[in-house]
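Biologist: I'm new to this one, so could you take me on a close look at a single part, the inside of the fold, and then show me how the rest sits around it?

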Amino acid sequence: MQENNHLTSPEISNLWTHYIRETLSLCVNKYMLHTIKDPEIHSLFQLANQRSLKHIESLKNFFKQEGFPIPKGFTEEEDVNLEAPPLFTDVLCLKSLYMMSTHGHNEYSLAFTTSTREDIVEFYYQCNLDAMELYKKAKNLLISKQLYQKPPTYITPEKVEIIKEYHYVTDVFGTHRPMNSIESGHLFFNLNKSMIVKAMILGFKQVTKNPTVCALLEKGIQGSNKRIGVFSSLLSKDNLHLPKSVETEITNSTVSPFSDRLILLQAGFFYGVAVTYYNAAVIASMRADISAHCEKAALDCLLIYSRIGKEMIDNHWMEQPPQADDRKRLND
C-alpha cells in the first residue's frame with residue numbers, strides 16, 4: 001500500500017464497480033465468442049476479451065496492494081454456460097459490443113476525472129484508450145458491413161440565426177417547430193440504444209426459467225416499447241429516418257447461457273445507464289415536449305432499475321459496495 005496515499009472514495013467505488021462490470025462483460029463476451037461465426041466479428045470479440053482480462057488483472061493488483069477484498073463479481077463457472085446454443089445472431093453481438101464500448105468509455109472517462117492517485121489516473125487513461133479503440137473498430141466494422149445506423153443529417157445553414165422568441169422553447173400545445181440537430185441527435189441515439197437493449201432483454205426473457213425475473217424483464221420490454229413508439233413518432237413527424245429494429249436478430253433458443261443473477265444485473269445496468277442518457281437529452285433539448293418525453297423516459301427506467309435492485313437484494317445476488325466506517329458503532 002502506498003504510504004499516506006490511501007485510495008479516495010471515488011477511486012474505491014470506481015475500482016469496485018469496474019470489477020463487477022468487467023467480470024460480467026467478460027462472461028457475456030466469452031459466450032458470444034463461442035457462438036460467433038463471422039471471422040471479423042470473432043476477431044473483434046477476441047480483442048475485447050483480451051482487454052477485459054488485462055483490466056481485471058490490474059484491478060486485482062490494486063485490491064491486493066490495498067489489502068482490499070477482491071469482489072466476487074461474475075465467473076465462468078457460476079454465471080455462464082459456454083455450451084448453450086446461440087441466443088443472438090452475429091449482427092446483434094456486434095451491435096451490443098458497439099453499444100457497450102460506448103458505455104465503457106463514458107464510465108472510464110468519469111473514473112479518470114475523479115481519480116487522484118497517479119497510478120489510478122494512468123490506469124483509467126489506458127482504459128479510455130482501450131475503449132476508444134474498441135469503439136472505433138466496432139463502428140468501422142458496422143459501417144463496412146452496412147449495419148451502422150447513421151443519425152439524421154441536416155442541410156448546412158446559410159447564416160447564423162438567433163433565437164428571438166420564447167415559444168421556441170415553450171410552445172407545447174401549438175404547432176411545434178421542427179426539432180433542431182441537438183434534439184434529433186439525442187433522440188436518434190437513445191432510440192437506437194433502446195432497440196438494441198430491447199432485443200437483448202427479449203433474449204434474456206426467452207431463456208430465463210425464473211418467473212419473477214421473467215416478469216421484471218417483461219416490464220422492461222413494455223417500457224421499451226412505449227419509449228420506442230414515442231421517440232419514433234417524434235422523428236417521423238419531422239420526416240427524419242429511424243434506426244432499424246433488431247428483434248429479428250434473436251434465435252429461437254430456450255437454453256439460458258447466463259445465470260439469472262447475471263441477467264438481472266446486466267438488465268439493471270442497461271436501465272441505469274439509460275437514466276443518464278435520457279437526462280442528458282432533457283438538458284440539451286430546447287423544445288418543452290421533447291424534454292418532457294425524455295424526463296418521463298428517465299423516470300420509467302429509474303423505476304424498473306429500482307425494482308431490479310430490490311429483486312437482486314431479495315435473492316442475495318447483490319454485493320455490498322464499500323462502506324464508510326460507522327463511527328457510532330465503533331464507539332459502542
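Modeller: Happy to. One term before we start: accessible area here comes from the Shrake-Rupley method with a 1.4 Å probe. On that basis, the protein chain has an accessible surface of about 17,700 Å², and carbon and sulfur atoms own 56% of it. Keep in mind that this is a predicted model.

Let's get our bearings before going inside. The chain's secondary structure is 11 helices and 0 strands, so the radius of gyration is worth a glance next: at 21 Å it is close to the 20 Å that the globule rule gives for 332 residues, and the chain is therefore as compact as a globular protein of that length. Along its principal axes, the C-alpha trace spans about 60 × 50 × 40 Å. Of the 332 residues, 46% are buried. If you take the contacts with a separation of 6 or more, 85% of them link residues that are 24 or more positions apart.

Now for the part you asked about. The largest nonpolar core holds 76 residues, and M32, I201 and F204 are the ones with the most contacts inside it. Plenty of helices chip in: α1 (9-35), α2 (39-65), α4, α5, α7 (181-207), α8 (211-237), α9 (260-284) and α10 (288-314) each supply at least two residues of this core. The biggest giver is α9, with 13 residues.

Try zooming in on F204. Leaving out residues up to four places away in sequence, F204 touches L87, F88, L217, F258, I263, Q266 and F270. Besides this core there is a second, separate one of 15 residues, and among its members are I56, F63, F123 and C127.

Let's come back out to the surface. Here F112, Y125, L129 and M132 make a nonpolar patch, and together they have about 340 Å² of accessible area. Helix α5 (residues 118-144) is the main contributor to the patch, with 3 residues. F112 sits in helix α4 (residues 90-113). Is F112 buried, partly exposed or exposed? Its relative accessibility is 30%, so F112 counts as partly exposed, given that buried means under 20% and exposed means over 50%.

Over in helix α8 you'll find S236. This serine is also partly exposed, because its relative accessible area is 38%. To get a feel for distances, pair S236 with M99: they are 137 residues apart in sequence, and their C-alpha atoms are 24 Å apart in space.

Two loop residues are worth a stop on the way out. As background, most residues other than glycine have a negative phi. N239 is not a glycine, yet its phi is positive, at about 60°. You'll find N239 in the loop between α8 and α9. With a relative accessible area of 73%, N239 is exposed. H316 is another non-glycine residue with a positive phi, near 55°. H316 belongs to the loop between α10 and α11 (327-330). Its relative accessibility is 72%, so H316 counts as exposed.

To retrace the route, start at F204 in the core of 76 residues, step across to the separate core that includes F123, and then come out at the patch with F112 and Y125.

Methods:
Residues numbered from 1 in each chain as written. Predicted model: local features only at pLDDT ≥ 70, side-chain atom pairs only at ≥ 80, totals over all residues. Heavy atoms only, no water. Patch = residues over 30% accessible without salt bridge, like charges linked within 9 Å, V, L, I, M, F, W, Y side chains within 5 Å. Salt bridge = Lys/Arg side-chain N within 4 Å of Asp/Glu carboxyl O. Helix = DSSP H or I, 4+ residues; strand = E, 2+ residues; numbered from the N terminus. Buried < 20%, exposed > 50% of the residue type's maximum accessible area, 1.4 Å probe, protein only. Rg over C-alpha atoms; globule rule 2.2 N^0.38 Å. Contact = heavy atoms within 4.5 Å. Core = buried A, V, L, I, M, F, W, Y, C linked by side-chain atoms within 4.5 Å.
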